[in-house]
Amino acid sequence: MGVSVPGEATTEGQPAPPIRSGVDTVRSALAPVTDVLRRLEVDTRLFGMVAALALIWIGFNVLSGGTFLTARNLWNLSVQSASIAIMATGMVLVIVSRNIDLSVGSMLGFLGYTMAMTQAVWIPQSLGLGLEQPYTWILTLLVGIVLGAAIGGAQGFVVAYGGVPSFIVTLGGLLVWRGLIFRYAQGQTIAPLDTTFQMLGGGTVGTRVGALGEWPSWTLGLVLCIAIGYAQITSRRRKGRYGFPVRPLWAEVLVGAAACGAVLGTVWVANSYPLPPNVAVLYAQEHGIPVPPGGLFIPTGIAFPVVIMLGVTLVVTFLATRRRFGRYVYAIGGNPDAAALAGINVRRTIMLTFALIGSLAAVSAAVQTARLNAAVTSLGVQNELDVISAAVIGGTSFAGGIGTVPGAILGAVVMQSLRSGMVLLLVDSPTQDIVVGIVLVVAVGLDAVVRRRVS
Amino acid sequence: MITPTTPAPGTAPGRVPLVELRNIHVAFGGVRAVAGVTIDLHAGEVVGVVGGNGAGKTTLMRTLSGARPPDSGQILVNGQPVAIGNPREAKALGIETIYQTLALADNLDAPANVFLGRELEAATTLDDAAMESATRKVIGRLNPNFKNFKTPVLRLSGGQRQAVAIARAIHFNARALIMDEPTAALGPAETAQVHALIRQLKSEGIGIFLVSHDIHDVFDLSERISVMYHGRLVGTVNKNDVTTDEVLGMIILGKPPTKLTRQELAELHG
């Protein structure tokens, strides 16, 4: 099933002397760092990716003369990463179970069109309920998610029960879903969309902003910090109950503080990005706030696409690590025969991973159409490549059984950072593709070498 | 001399077998892998299942473990006919299997493998701490030096991986155990450990089908020996009634000892 990429497992044991000695040097130089990380029980791969991302950000900031690390750019980066990151969380589970989904971009287009039709044509005209109903956005979103789960699940059914390789099934899906878009309105653009629905894209309509605003953002940050602390305490208690070793207290506090700091830092950046001046003026007029001579500074806060991405990340991470479903996905990826002999319903599990990514494609479709305020025929074109790249840069292995959801999120941010940074440096689009392509191969190649050294 | 399907020495005649496979047939395409085999197993007994490569031993055992339901034939547990359509149903009947391949998910750690498909949960989420605690106990019984409960089993030695596979089979209060070549990949010390374990499990009243190439292992551990040849059952013999040569004759020539000629026996010795 799926495709296999030469890299790990298959090439195990092959000598690679020049790289090895280089890796050895790096490893011995990093030994103190890895030792501290081990005591902190921090995933070294994840830490390495964060370090790589930091390097990319600092590099672009220097090259762009300080425009990369601005609240404005980072806020836009977060919104641009969100729709790919949302689908990448599901792609992790699909690839971990030794499959692939090439159809996410086309599914996204098809689902985006369906949702646009739902809110712009079917609810207001076909059902005669009129435009701009308060329930339009949520009904539309539900239609998209249910349909996404259905068509993703249908592909998964053919893969799991029909025994057709997922590469083929989803390659077919890539063509079919894209082609079906033209059955709606002969490929015309569907616009405008419901104004509440548009908020999902993080844009502004009049004085309404697709972001949390200042205090709700801080509240969300605080809630996440409390959740992190609670999770740490629960984990310590569970381990303590069985007398297992726990992190030293200083390490626990350090890890918690770092996670919490990252959350609050993100909120701070989002709140440092003001609403556009014209929106701020409108907002001031509406709320009777006098506009000072220097202009108004109204914090935007965390964009809704990012809030959605955070929610999706939490849910999929929970499914992947805390639920049987996730355990089975990883077991199937590690050894499908063993999973079946352990009594796991392998086919059902695989079908569900495809249903999950289908519904996530719907969520991403909502974000993208809302942001565009339209459904266009090119919606989601080539997104499958970005999504797969994000998962793979995030450490997901095509050999199966290995990959994490947070890694894929980081992978999506790395990809988007490269593109966004190159745009700031006025690099043309074909060159961007060349750079991203090379980075993808080099990142996975390095990872394979390091992994071989470790095992 | 040949006493097919008679109870094991020391068991009361007429006692109902723990597990009975009756007239089992399995075919792969046109190949008849198992053709009308009947064997049984009593509580507290080890039955050796031997035969050459492709004799159908593993396929026969897979019908009992639920990995490959038989095309026809009957499986009885405690005298009651049962349907075993998948591994889960076999496990529900107390039939556990240690596969020759070990059937481990290499990317998961020992507790995840031991509880694969039967995870412990606390309020609908996986209770990894409880699973690790239980795994420490059961593996500690098999191999006190086992320490790597958090690493993927891929990184463990052959003996440690074997311990994980055995732990998975014995943790859930198995009544019948299928061990397919349990010592094939092990060194002498680890083999001795597994032998000791088999004797201990037997004394606890567990019935064991021991599939093996190693005729000496089988003689060492079993009460009865069922010999298969090209998908058929040559016969089931009491260990005390036969010599290793006679069993070798059954394995290699597919004939019961009574039908072996002096010349054939001589040829076995080269």
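## Exercises on a predicted model

Strand 6 of chain B pairs with strand 9 (residues 176-180) of chain B in the parallel sense, over four bridges. The model is a predicted one, so let us work through it together, with the structure open.

**Exercise 1. Place this strand pair in its sheet: in which order do the six strands of chain B run, and which strands stand at the edges?**

Step 1. Start from the pair itself, where B:Ile98 is found opposite B:Met179 of strand 9 of chain B.

Step 2. Now trace the whole sheet of chain B: it is open, and its six strands follow the order 6-9-10-3-11-12, with mixed pairing.

Step 3. Look at the ends of that order. Strand 6 (95-98) and strand 12 (232-238) of chain B each have a single partner strand, so they are the edges, and one side of each has no neighbour in the sheet.

Step 4. Add the twist: on average, neighbouring strands of this sheet are turned by 15° against each other, direction ignored.

**Exercise 2. Which strands of chain B does helix 1 touch, and which does helix 8 lie across?**

Step 1. Take helix 1 (residues 57-65) of chain B, which packs on the sheet and touches strand 3 (46-50), strand 6, strand 9, strand 10 (207-211) and strand 11 (224-229) of chain B. Its direction makes about 150° with that of strand 9 of chain B.

Step 2. Turn to helix 8 (residues 244-253) of chain B. Strand 3, strand 11 and strand 12 of chain B are the ones it lies across, and it runs at about 25° to strand 11 of chain B.

**Exercise 3. Is B:Val34 buried or exposed?**

Step 1. Locate the residue: B:Val34 belongs to strand 2 (residues 31-41) of chain B.

Step 2. Count its surroundings. B:Val34 has 28 C-beta neighbours inside 10 Å, and the cut-off for buried is 20 or more. B:Val34 therefore counts as buried.

Step 3. See who is there: leaving out residues up to four places away in sequence, the residues touched by B:Val34 include B:Ile24, B:Val26, B:Thr59, B:Leu60 and B:Gly231.

Step 4. Finally, the C-alpha atoms of B:Val34 and B:Met228 are 9.1 Å apart, although 194 residues separate the two along the chain.

**Exercise 4. How do helix 5 and helix 6 of chain A pack?**

Step 1. Helix 5 (residues 136-160) and helix 6 (residues 166-181) of chain A pack at about 150°, their axes 9 Å apart.

Step 2. Angles over 145 degrees count as roughly antiparallel, and this is therefore how helix 5 and helix 6 of chain A stand to each other. Helix 5 of chain A passes helix 6 of chain A in a right-handed crossing.

Step 3. At the contact, A:Gln155, A:Val158 and A:Val159 of helix 5 meet A:Ser166, A:Val169, A:Thr170 and A:Gly173 of helix 6, both in chain A. These contact residues comprise three nonpolar, four polar and no charged.

Technical notes
Residues are numbered from 1 along each chain as its sequence is written. Chains are lettered from A and ligands numbered from 1 in the order in which they are written. This is a predicted model: local features need pLDDT of at least 70, side-chain atom pairs count only at pLDDT 80 or more; totals for chains, interfaces and linings use all residues. Two strands pair if DSSP finds at least two bridges between them. Helices (H or I, at least four residues) and strands (E, at least two) are DSSP runs, numbered from the N terminus. Axes are lines fitted to C-alpha atoms, for helices over the stretch in contact, and angles run from 0 to 180 degrees between N-to-C directions. Two residues are in contact if their C-beta atoms, placed from the backbone, lie within 7 Å. A residue is buried if 20 or more other C-beta atoms lie within 10 Å of its own, exposed if 12 or fewer, and partly exposed in between; C-beta atoms are placed from the backbone. Angles under 35 degrees count as roughly parallel, over 145 as roughly antiparallel, 65 to 115 as roughly perpendicular and the rest as oblique. A crossing is left-handed if the near helix is turned anticlockwise from the far one by less than a right angle, and right-handed if clockwise. Ala, Val, Leu, Ile, Met, Phe, Trp, Tyr, Cys and Pro count as nonpolar, Asp, Glu, Lys and Arg as charged, and the others, Gly among them, as polar.
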